[in-house]
Amino acid sequence: MFLLRRDHGIHSLPWYKLAGPKDVSRARDRTRRHWDVMRKRMGGEPFKALQTRLREAGFREFRGEPELFCWHPETGHWFFAETKRKDRLSDAQRRWFHVCREALGDLADLRVYRLVPTLSR
């Protein structure tokens, strides 16, 4: 999150629980605010389509979802980002990515960043 913002001017949200409860009033305030940002950045129809497909596929809360929803405030481009160090994508993450691509088609931009420790001098 920090590196994307510092180095590229990209804003992001963690823990957005896109497949959370249908009754938004039951969602915590932070989750509701995150969904509002995502709707604004993605557009209402793509947001709704992805959320619906994830729920239909049996996802709940944040299971399988990428760590960050990201956007560039100047270009409006948005994407999902997952970070890995040594581990690989889990089965749930691969399924989430698949459902996202099915729901959004060409709008789906899913990125996996490999974190590499820097050597200190």
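Q: Which residues of strand β2 (residues 68-71) are buried on one side and on the other?
A: This is a predicted model, where local features need pLDDT of at least 70, side-chain atom pairs count only at pLDDT 80 or more, and totals for chains, interfaces and linings use all residues. Residues are numbered from 1 along each chain as its sequence is written, and side-chain values use heavy atoms, leaving out hydrogens and water. Strands here are DSSP E runs of at least two residues, helices H or I runs of at least four, numbered from the N terminus, and buried means under 20% relative accessible area with a 1.4 Å probe, protein chains only. Both faces of β2 are covered, with L68 and C70 on one side, and on the other F69 and W71.

Q: In β3, what is the bridge partner of C70?
A: Strands count as paired if DSSP finds at least two bridges between them. β2 and β3 (residues 78-84) run antiparallel, joined by four bridges. The β3 partner of C70 is F79.

Q: Why do the buried residues of α4 sit on the same side?
A: Helix α4 covers residues 91-104, and its buried set is A92, Q93, W96, F97, V99, C100 and L104. They share a side of α4 because the arc they cover around the axis, taken from the directions to the C-beta atoms, is only 165 degrees.

Q: What covers the buried residues of α4?
A: Contact is the criterion here, meaning heavy atoms within 4.5 Å. The cover includes α2 (29-42), α3 (44-56), β3 and β4 (110-114).

Technical notes:
Buried < 20%, exposed > 50% of the residue type's maximum accessible area, 1.4 Å probe, protein only. Expected span 1.5 Å × (residues − 1).
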